[in-house]
Structures are given as structure tokens and as C-alpha cells.
Amino acid sequence: MVLEEEVSSSFMIKCPNPQLLETSKATGVWGINEQVKDALVEATKKLSASGKANQGGKVALVFSVNMSGHFQGYALVTGNAPVQQKLEIWGAGGQDFQYVLQVQWAFDRDLPFGETKHLKNATNSGKSVHVTKHGQEIELKVGRELCDLLRKKAENRKCGPPTKPIKLSAAEASPEKRKSPSLHSDAAKKVQKTAVDSAPLSLLKMSYEEYASLFEKFKVFSQKLDQLGGGTHFQLIQTLDDLSEAEKDEIVRYLSMDDFMDVCRIVCNMNDVEFSLGRERAFVDFYNRASK
């Protein structure tokens, strides 16, 4: 079992895409919005009041990439209060990160939701733990069991230290935007800017059932992407351009740039199609044209 003194509180984090997780592992930080910040600050206060913080008790963040059907691992919050700053490291999906936390990744293996069906979260009306909403606290006993399942899935092999660590301090807690070296290409920054400019919906604020319902609305789109095979990104764009104007309008209406890229990435992965930089650019160009 995960040691009780290690995990004293845990929260669900719904992540827009796996690239954000890789950035977090490389830097040792994670980004959060105002709502999640308030919940984590409250949890930290409770730990301090109970004395568990002085005994090594940590808040665990359990990650699940949107529509992946899996948990991807968990990290322990190691710093003090969240720092208000915008780090230019996240790329697409990180535009809502108003604060950053110092974290230490513990285990990072894919755990299918099907292997956690027996875990029910009392803080979410006793529903299965995988439908816990983004930023919601997980019942302590269930959170520890979930972390333990992730540990076992990783065969006790812990994550290594950050390769490009970013150190935060209380002195940096400023509302002003802080410049930092980018971990992404110019193309990725362009994706991020477009995503900020268009955000009709936020998958981060939906439940698992809501994700499934939204995904159903794009079944035709998904089925057409299933036919991509190993073609070039030019063939891919031709396939997308063959969609009706109504289908294109629905994509732009219901999906932000971030979420559209997530759907494309997932379907490509499901069909063993490489999500190359060329394909990424082609998807962005298609979305921009469909938005006009």
C-alpha cells in the first residue's frame, strides 16, 4: 500500500493532452486554475492544522488525460502555496494555467478505468472514481488505493528527477507574467495562441459522461479519421475537407482548438498513425479555415 504518511490528500486532475504531462515531468511543476488553487490551498491548511504536513504528508495529484480511458499516474505537491505566474512552457492546453505548483512525480503508468471500477468516491456521490470532476478531492482511503494501483502498475519503479527543473519560490508569487525558456517549437506556440483565441467549451470542466456524450456528436468525424491509415498529412486534410459545412461548423462550435487537437491525437493513436509536426500543423490550418 502507498504509505499513509506519503499521501494525506488527493485530487483529480483532468489533463487536456499527454504533452502537458511530459512537460510537467521534465520541469517538476504543474499548472492550475483559480478553482483548483483554492481547493489545494484549503487541503494544505487542513494538513498543517492536523500536523500531518510536518510528518511528511503530501497532497497527491492524480492525472487522467481527457477521453483516454486511463489514469496516467500521480505526482506529489512538494512546494508551499501555489505561485501566480504564467510560464511559457505548456503549449496547447495550458492557457488556463494561472498558477504553478512544485511537484514530484511518483509513478507514471497507464491504468485503465476498468481496473478501478471497485473504487467509489464518496466526495462525488459515491460514483466510480474515474468520473470524479477536475479539481475535485478524492476520498482519502480511495485516493490512497488509487495511488497504490498506479504504483503496482509501475512495478514500484518511481519516476526520475526532472531533466529541465524549474524552481519556484514565494518571492516569485506575482500576478505579472514571467518569461521563461520555452520547451516548445514555434509551431506549438502558434497552436497555443489560436487555442486562447477560441474556447467555446472546456473539457476540463466536464464529467466523464459529458465527454462521452460530446464525443458521440462527432462520430462521423471520428469515423472518417479512422480511415486515415498511414497517409500523408495532405491526404488527411483532404479527408477533413470532405466533411460537410454543417459538420465543420459543429466541430468549431463544440470544440475549442485544444479539444479538437485532442480528438485528432487520440484517433491517430488509436489507428497507429504518427501525430507528426506536419499533421499537427495541418490540423491547425484546417481548424482555422473552418472557423472563418
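**Exercise 1.** Leaving aside its neighbours within four places in sequence, which residues is phenylalanine 63 in contact with?

*Solution.* The structure is a predicted model. Step 1: set aside the residues within four places of phenylalanine 63 in sequence. Step 2: list the remaining contacts of phenylalanine 63, which are Ile13, Leu21, Trp30, Phe71, Gln72, Gly73, Tyr74, Ala75 and Trp105.

**Exercise 2.** Describe the largest nonpolar core and the elements that contribute to it.

*Solution.* Step 1: the largest nonpolar core has 31 residues. Step 2: Trp30, Leu40, Leu61, Phe63 and Trp90 have the most contacts inside this core. Step 3: the elements giving two or more residues to the core are strand 1 (7–15), strand 2 (29–32), strand 3 (58–65), strand 5 (73–77) and strand 7 (99–107), together with helix 1 (18–27) and helix 2 (34–50). Step 4: strand 7 gives the largest share, five residues. Step 5: another core, of 19 residues, lies apart from the largest one, and among its residues are Val62, Phe71, Phe113 and Ala154.

**Exercise 3.** Locate phenylalanine 113 and decide whether this residue is buried or exposed.

*Solution.* Step 1: phenylalanine 113 sits in the loop between strand 8 (111–112) and strand 9 (120–121). Step 2: its relative accessibility is 8%, and the cut-off for buried is under 20%. Step 3: phenylalanine 113 therefore counts as buried. Step 4: valine 129 is 16 residues from phenylalanine 113 in sequence, and their C-alpha atoms are 8.6 Å apart in space.

**Exercise 4.** Examine the salt bridges of helix 3 that involve lysine 141 and aspartate 148.

*Solution.* Step 1: the side chains of lysine 141 and glutamate 145 form a salt bridge at 2.5 Å, N to O. These two residues are separated by about one helical turn because they are four residues apart in helix 3 (residues 140–153). Step 2: lysine 141 has a relative accessible area of 57%, so this residue is exposed. Step 3: aspartate 148 meets arginine 151 in a salt bridge at 2.7 Å, N to O. Here the spacing is three residues in helix 3, so the two are again about one helical turn apart. Both aspartate 148 and arginine 151 are buried, with aspartate 148 at 3% relative accessibility. Step 4: aspartate 148 also meets lysine 152, at 3.5 Å, N to O, and those two lie four residues apart in helix 3.

**Exercise 5.** How many salt bridges does a search of the whole structure find?

*Solution.* Step 1: the search finds 10 salt bridges.

Technical notes:
Residues numbered from 1 in each chain as written. Predicted model: local features only at pLDDT ≥ 70, side-chain atom pairs only at ≥ 80, totals over all residues. Heavy atoms only, no water. Salt bridge = Lys/Arg side-chain N within 4 Å of Asp/Glu carboxyl O. Buried < 20%, exposed > 50% of the residue type's maximum accessible area, 1.4 Å probe, protein only. Core = buried A, V, L, I, M, F, W, Y, C linked by side-chain atoms within 4.5 Å. Contact = heavy atoms within 4.5 Å.
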